Structure formats: C-alpha cells, structure tokens
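Visitor: Could you take me on a close look at the nonpolar core of this model and what surrounds it? I would enjoy one connected walk through the details.

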Amino acid sequence: TVAMVSIVFLAVGVFLASALILRSRRAVKEQQMEVRYRERLFSALSGNTKNIFIMFDPETLKVEYVSPNAKRLLGIGPQRIESDIYVLDGTAVEGMLPLRDDIAALRKVDHRRCCRERIHKDTGERCWYQETMYHASVGGPDKIIYVLADCTREKLNTERLHQALELARQSNEAKSSFLAKMSHDIRTPINAIMGMTQIAKDHMGDAEKTCKCLETIHVSSGHLLSLINDVLDMSKIESNSIELQETGCRLDDVLSSIDVLTSPTSDAKNQKLTIEASAAVHRTFAADGLRLRQILLNLLSNAVKYTPEGGEISLVVTELEPANFRLARLQ
C-alpha cells in the first residue's frame with residue numbers, strides 16, 4: 001500500500017513538474033515571440049521614417065541596435081555602425097563636432113542635443129539632422145539612445161526666412177540711402193528755381209533779365225523732373241541699382257546747364273564761379289547726361305557750400321592722352 005501510494009504521489013509530482021516546465025517554456029517562448037514581434041514592428045516603422053535610432057552601452061560603446069534605415073539615409077549599413085559607432089563621423093561635414101564630444105558631454109548631463117550636417121556616403125546628398133542623446137533603462141543597465149532626426153526642410157525654411165529678412169533690411173537701407181542722396185540732388189535745382197523766381201519778380205520791367213531767369217527756371221525744372229522720375233522708380237530703389245542711359249551729349253550744353261543751376265547759389269554768396277573747357281578737343285561724346293550733371297552739380301554745390309562768401313570756385317575741364325584711339329578722356 002505504501003509503495004502504491006508513493007508511486008501515485010511520484011507520478012502526480014512528475015506530472016505537475018512537467019506541466020509547470022512546459023508552461024514556463026511556453027511563456028518564455030511567447031515572450032520571446034512578443035519581443036521579436038515588437039522589434040520587427042519597430043524596425044518596420046523606423047525603416048519608413050527619416051529618423052535613425054541607435055542604442056549603445058555608455059561604458060563599452062557596444063552598439064546593440066541600429067534601425068535598418070541607416071543605409072538608406074546615410075549610406076552606411078547597420079553592421080558597420082554596430083562594429084564601430086564612430087564610423088558616423090565619416091558622414092559629418094568638415095568642421096562639425098565629432099561624436100566623441102557628445103558622448104563625453106553626456107556623462108555630465110541627462111541629454112545632449114545638437115544639429116549636424118551630414119553627407120550621404122553613396123549619393124553625396126547633404127542633409128541636416130537634429131541629433132539627440134539621452135540615458136534610458138532598457139531591461140537592465142542604463143543605455144544611451146541616439147536619435148538622428150532629419151530636419152533638412154526646417155533648416156532650409158529657416159534659412160529662407162533669414163534671407164528674406166536680410167533682403168528686406170537691405171531694401172530698406174537702399175531706399176533710405178537712395179532718398180538721402182536724391183534729397184541732396186533735388187535741393188540744387190530747387191534753389192535755382194527759387195533764386196531765379198525772386199530775381200524775375202525784382203526785375204519785372206527788364207524783359208531781357210526776366211527772359212534769362214525764365215530760361216534758367218526752365219532748365220532747372222527739366223533737371224528736377226528727371227530726378228523726380230528716378231525717385232518714383234521704386235524698382236531701382238529696391239534693387240539698389242541705377243541703369244545708365246547712354247545718349248549723345250555735348251560738353252558745352254552740359255556745362256551750360258551746370259552753370260545755370262549753380263550760379264544762383266554762388267551769386268547769393270558773392271562768389272566768383274568760373275567754368276572753363278577750352279582745352280577739351282572732343283566736345284561731343286556718349287554718356288548718361290543726367291548722371292553726369294548730378295556728379296558735377298554735387299561737386300559744385302559742395303564747393304559753393306564750403307567756400308566762404310566772396311571766394312572763387314573754378315571748374316576746369318581738360319582732355320588727357322587717350323588710352324585707346326577710339327576713346328577720349330576728360331578730366
């Protein structure tokens with residue numbers, strides 16, 4: 001009886017132990033299958049994104065996981081990264097901080113973030129990555145999770161915004177500079193118009209004097225209209241450029257208009273203004289008449305402004321030896 005009872009208990013014990021072992025094995029197998037399923041699912045999801053995920057040991061730097069899209073995004077297969085994580089430095093653009101600095105800094109902080117430009121090893125394509133490293137506990141000792149997130153589009157959009165802002169700033173500066181220069185140029189013909197108008201009013205009975213004043217006003221008005229047309233051409237202001245209109249010019253006409261525009265101001269200060277061009281041989285040439293008058297008027301108006309009352313101002317035009325037989329040089 002004792003033997004039979006012992007055999008029964010032994011059989012029951014063996015059965016229960018076998019059942020527990022089978023159940024434990026089945027649970028382990030199901031857990032392993034679940035882990036593999038999760039890994040395959042994570043690999044499938046990460047493989048279709050532009051983010052690269054890497055996990056490695058902070059002490060040994062042994063890489064334990066690399067998302068399969070590393071080959072597609074960087075031209076380096078996961079196996080090469082697993083063998084040496086520093087192989088990623090070979091894709092960084094020259095001048096970027098090495099990966100070693102990030103790992104060293106991570107020993108003192110919880111996470112490390114930076115932006116790097118990398119070059120695809122196979123295609124040479126350049127992309128920007130927002131790179132983040134942080135500590136994480138994955139079923140045991142701490143690991144380092146390294147995420148490289150493609151931010152090329154955001155980087156380009158930011159650069160475009162900066163370029164647009166800089167362009168707007170330059171445009172505003174160009175407008176201010178252009179208008180400041182034009183205000184100086186406009187003042188000269190306005191002074192001539194005001195001066196000749198006053199002289200004409202004071203000599204209403206002198207037909208010859210009045211006619212000369214009206215002629216000066218006419219020349220000054222034409223020059224002022226040309227300047228105003230330039231001011232209204234906003235495309236020139238925004239581009240900070242001036243197109244030269246090359247036409248036929250006569251030296252005597254240019255100097256005569258300069259004399260007419262400057263004389264009222266110099267006469268008001270009792271200055272002697274002399275314009276001499278008898279030494280110039282070639283008196284007809286191609287130039288932008290408006291710009292040439294602007295240059296000469298600026299020179300003479302400054303001369304009138306800074307010359308004391310009763311002083312003398314001379315503008316002498318001479319012809320230099322030509323560097324080319326087809327060209328003449330005036331000074």
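Guide: Happy to. One term first: a contact here means heavy atoms within 4.5 Å. Please keep in mind that this is a predicted model.

Let's begin at Ile54. Leaving out residues up to four places away in sequence, Ile54 touches Val63, Tyr65, Val66, Ile81, Ile85, Leu88, Ile144, Ile145, Tyr146 and Leu148. Together with Phe56, Ile54 touches the most other members of the largest nonpolar core, which has 23 residues. Several elements give two or more residues to this core: the strands are S1 (51–56), S2 (63–66), S4 (126–137) and S5 (142–150), and the helices are H2 (70–74) and H4 (99–106). Elsewhere there is a second, separate core of 18 residues, with Leu255, Ala280, Leu296 and Ile313 among them. We will come back to that one at the end.

Staying with the first core, look at the loop between S1 and S2, where Leu61 has its place. The phi of Leu61 is near 60°, a positive value in a residue other than glycine. That deserves a glance, because most residues other than glycine have a negative phi. With a relative accessible area of 21%, Leu61 is partly exposed; the cut-off for buried is under 20%.

Next, the charged residues on the core's elements. Lys143 and Glu64 meet through their side chains in a salt bridge, 2.6 Å from N to O. This pair links distant parts of the chain, with Lys143 in strand S5 and Glu64 in strand S2, 79 residues apart. The two partners differ in class: Lys143 counts as buried because its relative accessibility is 9%, whereas Glu64, at 37%, is partly exposed.

A second bridge involves helix H2. Asp122 forms a salt bridge with Lys71, and their closest N and O atoms are 3.5 Å apart. Asp122 lies in the loop between strand S3 (111–119) and S4, while Lys71 is in helix H2, so this pair ties together parts that are 51 residues apart in sequence. Asp122 is exposed, with a relative accessible area of 52%, and Lys71 counts as partly exposed at 42%.

For a bridge within one helix, turn to H5 (residues 152–202). Glu166 and Arg169 both lie there, three residues apart, about one turn of the helix. Their closest N and O atoms are 2.3 Å apart in the salt bridge. Both count as partly exposed, Glu166 at 32% relative accessibility and Arg169 at 36%. Beyond such pairs, salt bridges that share partners join Asp102, Arg112, Arg116, Arg118 and Glu131 into one network. A search of the whole structure finds 12 salt bridges.

Within that network, Arg116 is worth a pause. Arg116 lies in strand S3 and is buried, with a relative accessible area of 2%. A polar contact of 2.5 Å joins the side chains of Arg116 and Asp102. Again leaving out residues up to four places away in sequence, Arg116 touches Met96, Leu97, Pro98, Leu99, Asp102, Cys127, Trp128, Tyr129, Glu131 and Tyr146. Tyr146 is thus on the contact list of Arg116 and also on that of Ile54.

Charges also sit over aromatic rings. Lys155 lies over the face of Trp128, at 4.4 Å from the ring centre, and Arg100 lies over the face of Tyr86, at 4.2 Å from the ring centre. As for rings facing rings, the count of aromatic pairs comes to zero, with ring centres required to lie within 6.5 Å.

Finally, as promised, the second core, which includes Ile313. Thr274 touches Ile313, Ser314 and Leu315, not counting residues up to four places away in sequence. Thr274 and Ile313 are 39 residues apart in sequence, yet their C-alpha atoms are 6.2 Å apart in space. Thr274 is found in strand S7 (residues 272–276) and counts as partly exposed at 32% relative accessibility. In the loop between helix H8 (251–268) and S7 you will find Asn270. Asn270 has a phi near 55°, again a positive value in a residue other than glycine. Asn270 is exposed, with a relative accessible area of 58%, whereas Leu61 is partly exposed.

Methods:
Residues numbered from 1 in each chain as written. Predicted model: local features only at pLDDT ≥ 70, side-chain atom pairs only at ≥ 80, totals over all residues. Heavy atoms only, no water. Core = buried A, V, L, I, M, F, W, Y, C linked by side-chain atoms within 4.5 Å. Buried < 20%, exposed > 50% of the residue type's maximum accessible area, 1.4 Å probe, protein only. Helix = DSSP H or I, 4+ residues; strand = E, 2+ residues; numbered from the N terminus. Phe/Tyr/Trp six-rings, centres within 6.5 Å; stacked < 30°, edge-to-face > 60°. Lys NZ or Arg CZ within 6 Å of the ring centre and 35° of its normal. Salt bridge = Lys/Arg side-chain N within 4 Å of Asp/Glu carboxyl O. Polar contact = N/O pair within 3.5 Å; in protein donor to acceptor, adjacent residues only side chain to side chain.
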